[in-house]
Amino acid sequence: MRAVNLPLTSRTELPTAERIVVKVGSSSLTAPDGRLDLSAVHHLVQVLADRRAAGQQVVLVSSGAIAAGIMPLGLPGKPKDLATAQATASVGQGLLVARYTEAFAYHGRRVGQVLLTAEDLIRRTNYANAQRALERLLTLGVVPIVNENDTVATDEIRFGDNDRLAALVSHLVRADALVLLTDVDGLYDGPPSRPGTRLIREVRAGADLAGVEVTGRGSDIGTGGMITKLDAASIATGAGIPVVLTSAANIAPALAGEEVGTWFAATGRRKSARRLWLAHAAQVRGRLHLDAGAARAVTDGKRSLLAAGVVGVDGDFEAGDVVELVGPDGVVARGLTAYGAAEIPHIMGKSSHQFVDDFDQHPRAVVHRDDLAQVRPRRRR
Ligand SMILES: Nc1ncnc2c1ncn2[C@@H]1O[C@H](COP(=O)(O)OP(=O)(O)O)[C@@H](O)[C@H]1O
Ligand SMILES: N[C@@H](CCC(=O)OP(=O)(O)O)C(=O)O
């Protein structure tokens, strides 16, 4: 029996997980002609309903809203502009959830639709609200079906792919494991279409990924390819949640703890969700350059960034946007800035006294410590 609150240490322990998040990509739910593949939906649902009947709590993060909307709207393929993608997702999401509702009902199980935006995972009140709703759905025996709220998501602040959303949801619901289902049976050491590439069975540390070649381009219908899956695995494992990556066809053996796919072992401990999102925020709008003292204060001291320590600014951003904080040796953190790019040159380098003298008001921190997340170097896209 696994000790309570300790992460699962191997895939054989997966059947002991109390709560799992399963993410399925558009590529696994779509038939070659672009329609929603109902047999894929039914297979997935049957396995998840069985796990639920066996006492495991399951959250399903499902892509496929845009894919499901393409045929009914008579579009030639995946929309490229934001407005058409929003409209397609609006049509497709209803159809997608209707299929899930029918399929789960066949197994006597109810589902609840949960549409989240990136902001829901940043703002404390939205976050607590989403957490409460998901918790109640799970205790009521419902299978929550989560997707990004594509119809209202903006280009500026959105996930765009559901891999990172699923990692943050795993954290939100304190899952014991995250299962990423796609159209390949695991992570390969290079694009699987290339002859001779090999399946990687286990990733225990970042070093195990050295030399592994991944592309951001996946199937025609999927969004992030393997890069966003590795980002998601790094977010989840860094927050103490192990990940299994495999094909949707392998879901039954994967959840039974059999030797399929790629197992990413947990590497870190739980973090605040807000920090987790900031550290991995998709859209960085600009950069603030810090002197050495300020760089140390925000990293070692975990203190707020004050105007006095800012020596430069790049980019065109507004108050509330995500910016990178760059010290003399490179990027040290990310944060939500309290000032827009146009205001920074007027306040940077100023001590609090000078600020009061010049503006007749007390300064706000440029980035408050609650809005800061240190960053580890990440893979280039
Ligand atoms: N090293 C790799 N290992 C496995 N798959 C890879 C790798 N590099 C690129 N890929 C591609 O990533 C694709 C999965 O991404 P994607 O189409 O976005 O899926 P989904 O819709 O499930 O999110 C695979 O079809 C595969 O071709
Ligand atoms: N929210 C979008 C998901 C975008 C997408 O294609 O994601 P994925 O297939 O997981 O790479 C949708 O439902 O269409």
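Which residues does asparagine 162 touch, not counting residues up to four places away in sequence? They are Lys23, Val61, Ser63, Asn147 and Glu148. The model is predicted. This report takes the annotated residues first, then the strands beside them, then the C-terminal part and the overall build.

**The annotated site**

UniProt, in an unreviewed entry, places the feature "binding site" at Ser63, Asp150 and Asn162. These residues are spread over 100 residues of sequence, yet they cluster in space. The largest C-alpha distance among them is 10.7 Å. One contact links two of the annotated residues directly: asparagine 162 touches Ser63.

Asparagine 162 lies in helix H7. Aspartate 150 is found in the loop between strand S4 (143-148) and helix H7 (162-172). Setting aside residues up to four places away in sequence, aspartate 150 touches Ala65, Ile66, Ala85, Gln86 and Ala89.

Is aspartate 150 buried or exposed? It counts as buried, because it has 25 C-beta neighbours inside 10 Å. Asparagine 162 is buried as well, with 28 other C-beta atoms within 10 Å. The cut-off for a buried residue is 20 or more.

Arginine 174 lies in the loop between H7 and S5. It is partly exposed, with 15 other C-beta atoms within 10 Å. Its backbone stands out too. Arginine 174 has a positive phi of about 55 degrees, although it is not a glycine. Most residues other than glycine have a negative phi.

The table sets these three residues side by side.

| Residue | Location | Other C-beta atoms within 10 Å | Class |
|---|---|---|---|
| Aspartate 150 | loop between S4 and H7 | 25 | buried |
| Asparagine 162 | helix H7 | 28 | buried |
| Arginine 174 | loop between H7 and S5 | 15 | partly exposed |

**Strand S5 and its partners**

Strand S5 covers residues 177-182. How many of its residues are buried? The count is 6 of the 6, so the strand is largely enclosed by the rest of the structure. Both faces are covered. Ala177, Val179 and Leu181 are buried on one side. Leu178, Leu180 and Thr182 are buried on the other.

S5 pairs with strand S1 (residues 19-24), and the two run parallel, joined by 5 bridges. Here isoleucine 20 stands opposite alanine 177 in S5. S5 also pairs with strand S7 (residues 243-247). That pairing is parallel as well and holds 5 bridges. Leucine 180 has leucine 245 in S7 as its bridge partner. Strands of a sheet pair through backbone hydrogen bonds, either parallel or antiparallel.

**The C-terminal sheet**

Further along the chain, 5 strands form an open sheet. Their order is S10-S9-S11-S12-S13, and the pairing is mixed. Strand S10 (310-315) and strand S13 (372-374) are the edge strands, each pairing on one side only. From one strand to the next, the twist averages 25 degrees.

At one edge, strand S12 (residues 330-336) and S13 pair in the antiparallel sense over 3 bridges. Alanine 333 has glutamine 374 in S13 as its bridge partner. Helix H11 (residues 292-299) lies across strand S9 (286-290), S10, strand S11 (322-327), S12 and S13. Its direction makes an angle of about 60 degrees with S12.

UniProt, again in an unreviewed entry, lists residues 286-365 as "domain: PUA". This span is 25% helix and 30% strand. Its end C-alpha atoms lie 17 Å apart.

**Domains and overall build**

The domain assignment gives domain 1 (11-277) and domain 2 (284-374). What distance separates their centres, taken over C-alpha atoms? It is 35 Å.

The protein chain holds 13 helices and 13 strands. Its C-alpha atoms fill a box of roughly 70 × 50 × 45 Å along the principal axes. The radius of gyration is 22 Å. A compact globule of 381 residues would have a value near 21 Å, so the two agree.

Of the 381 residues, 45% count as buried. Contacts in the protein chain with a separation of 6 or more are 72% between residues 24 or more positions apart.

Technical notes:
Residues numbered from 1 in each chain as written. Chains lettered and ligands numbered in written order. Predicted model: local features only at pLDDT ≥ 70, side-chain atom pairs only at ≥ 80, totals over all residues. Pairing = 2+ DSSP bridges. Helix = DSSP H or I, 4+ residues; strand = E, 2+ residues; numbered from the N terminus. Axes fitted to C-alpha atoms, helices over the stretch in contact; angles between N-to-C directions. Contact = placed C-beta atoms within 7 Å. Buried ≥ 20, exposed ≤ 12 C-beta atoms within 10 Å, placed from the backbone. Rg over C-alpha atoms; globule rule 2.2 N^0.38 Å. UniProt positions renumbered as here; feature names shortened; annotations may be inferred. Domains from an automatic or database assignment.
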